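This report describes empty spaces, a sheet and helix packing in one protein chain. The sequence and the structure come first, and the description follows them.

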Amino acid sequence: MSTALVWFRRDLRLADNPALHEAASRHQHVIPVYIHAPGEASDWAPGAANRWWLHRSLESLSRDLHRHHARLILRRGPSLETLRTLIRDTGAEAVYWNRLYDPALIQRDKTIKAALREDGIHAASHNAALLREPWTVQSKSGEPYKVFTPFWRTYGEAEIPAPLPVPRPLSSPEHWPASLPLENLELLPRINWYRGMENFWEPGETGAGQRLESFCRDWLADYPDNRNRTDRDGTSRLSPHLHHGEVSPRQVWRAVAQRVGGEPLQDGAAEAYLREIGWREFAHHVLFHFPATVTRPMQQRFENYPWREDADAWLNAWQRGRTGIPLVDAGMRQLWELGWLHNRVRMVVASFLTKNLRIHWLAGDRWFWDTLVDADLASNTMGWQWTAGCGTDAAPYFRVFNPVSQANKFDPEGDYIARFVPELAPLPAKYRARPWELPESEARQLGFRPGRDYPEALVDLKQSRAEALEGYQAIKG
């Protein structure tokens, strides 16, 4: 009776899981395995918020497998060594997994696949995370894409395969190998700062499916109008589920297509949403072809940009949501409370850090990495370089998001600001985004004192924008 290991990583689901599907179709016994190897072959070990999500997601996957009379075997240690131990203990003849695309992990997985094959083990990997893998999309000249629009155009010409069902049955071995208790992986932060995340999210395949269903039913039709509104639940909030592989982009594509009853790219609302899935694909495409962008700017001239030095106090104020700029502070406090940040506000807080404060984009990148439940190396890297103006398909260097005008447009009543910066909630709506303009007489009547009840602004928005543009002009070449 042949036995196979299925090595779970960021594919924590049973449906549309190609590695699990092939293992179940080719072998009598399937043993699902998760190996905790933090930081293996990478300087980007999962951050604290990401680890919290992973803990809950593994709990969910374990329950789902149990319902199918299977188990999730948990181990800790170097991946290759641990897989070899499991092969020896179980007599497994094959190992299946789904591919990851972080540069260091690509190299690690190639090494593991070659080593297992030398051992006489059948080792096979699959695509479960992307609609199209990075090396399968190229321009007519055979080069990787550096601009999103022509890249996305190729998806209109592509055949998107249907998602795979959950394999039935999952045949269990007579004897299961030993498994660590989940707590032994030490994924949960030692300080319980994640209560807000516990109340807001439902990690796992079931939570992902419910969120996808409710988004398609209740929000998809109005997505183009609501996607930028910070005061509305107008986005899918599927990014952490996609990152951890609790839902696949093929499942998202299929659900959206079914909702609009046809070709999703021919429907305005559906195309607007799927374009965001396209940006996720593009981020992986860029990182695969330009792996140095994890720490280096795509546009080389930005190596000489005059970033501000000795800005630790300002960086700390930004991280804590104490900059004195309400929309920025609301966003940073939302990030800390929920482990997630509205995409419009991600751009605003990143622009403020890199342009108004002139703090290096890597400082923001690393803070997001530790605090986002959807921290993804490809998307995080591209997003920060896009906003800083130094990446592929980047925002024009002279584009500086004004937090006040952005709040006026996308949080017109100040409800988002009031939710996350409650000290500004008593102010009239029109002053929540710019409390420095509140007339002194009204401030006295409200008992509101700038600088005491809410910080003074770190910088003048107009002046700091001008200073940023001077820096860009200096390297414009």
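In this predicted model, the largest pocket holds about 1,100 Å³ of space. Its lining consists of 35 residues, and those lying nearest the centre of the pocket are Glu276, Trp279, Asn343, Arg346 and Ser379. Two or more lining residues come from each of helix H9 (239-243), helix H11 (268-289), H14 and helix H16 (377-388), and H16 contributes the most, with seven residues. Sorted by class, the lining of the largest pocket has 16 nonpolar, 10 polar and nine charged residues.

Besides this pocket, the structure contains three cavities of 30 Å³ or more. The largest cavity has about 440 Å³ of space, and of the 27 residues that line it, Arg10, Tyr34, Ala37, Pro46 and Leu105 are the closest to its centre. At least two lining residues are supplied by each of S1, S2, helix H2 (48-67) and helix H4 (103-118), with S2 giving the most, namely three residues.

The second largest cavity is lined by Arg10, Arg99, Leu100, Tyr101, Ala129, Leu242, His243, Arg280, His284 and Asp376, and the elements that give two or more residues to this lining are H9 and H11. H9 and H11 are also among the elements that give two or more residues to the lining of the largest pocket. The table sets out the volume and the lining classes of the two cavities.

| Space | Volume | Nonpolar lining residues | Polar lining residues | Charged lining residues |
|---|---|---|---|---|
| Largest cavity | about 440 Å³ | 15 residues | seven residues | five residues |
| Second largest cavity | about 90 Å³ | four residues | two residues | four residues |

S1 and S2, which help to line the largest cavity, belong to an open sheet of five strands with parallel pairing and the order S3-S2-S1-S4-S5. Strand S3 (73-76) and strand S5 (122-126) stand at the edges with a single partner strand each, so one side of each is left without a neighbour in the sheet. On average, and with direction ignored, neighbouring strands of this sheet are turned by 25° against each other. Strand S2 (residues 29-36) and S3 run parallel and are joined by four bridges, and Val33 stands opposite Ile73 in S3. Helix H3 (residues 79-90) packs on the sheet, where H3 touches strand S1 (3-8), S2, S3 and strand S4 (94-98), and the direction of H3 makes about 155° with that of S1.

Two helix pairs can be described in turn. Helix H10 (residues 249-260) packs against H11 at an angle of about 170°, the axes being 11 Å apart, which makes H10 roughly antiparallel to H11. In this contact Pro249, Val252, Trp253, Val256 and Val260 of H10 meet Ala270, Tyr273, Leu274, Ile277, Arg280 and Glu281 of H11, a set that divides into nine nonpolar, no polar and two charged residues. Arg280 of H11 appears again among the residues that line the second largest cavity.

Helix H14 (residues 343-356) and helix H20 (residues 461-475) have axes that come within 9 Å and cross at roughly 65°, and the two helices are therefore roughly perpendicular to each other. Phe352, Lys355 and Asn356 of H14 make the contact with Leu461, Ser464, Arg465, Ala468 and Tyr472 of H20. By class, this contact has four nonpolar, two polar and two charged residues.

Notes:
Residues are numbered from 1 along each chain as its sequence is written. This is a predicted model: local features need pLDDT of at least 70, side-chain atom pairs count only at pLDDT 80 or more; totals for chains, interfaces and linings use all residues. Side-chain values use heavy atoms; hydrogens and water are left out. Axes are lines fitted to C-alpha atoms, for helices over the stretch in contact, and angles run from 0 to 180 degrees between N-to-C directions. Angles under 35 degrees count as roughly parallel, over 145 as roughly antiparallel, 65 to 115 as roughly perpendicular and the rest as oblique. Contact means heavy atoms within 4.5 Å. Ala, Val, Leu, Ile, Met, Phe, Trp, Tyr, Cys and Pro count as nonpolar, Asp, Glu, Lys and Arg as charged, and the others, Gly among them, as polar. On a 1 Å grid over the protein atoms alone, a cavity is a set of points where a 1.4 Å probe fits but cannot get out, and a pocket is an open set with protein on both sides within 12 Å along at least five of seven lines; lining residues have an atom within 4 Å of a point. Grid points are joined across faces, edges and corners, and a volume is the space filled by probe spheres set on the points. Two strands pair if DSSP finds at least two bridges between them.
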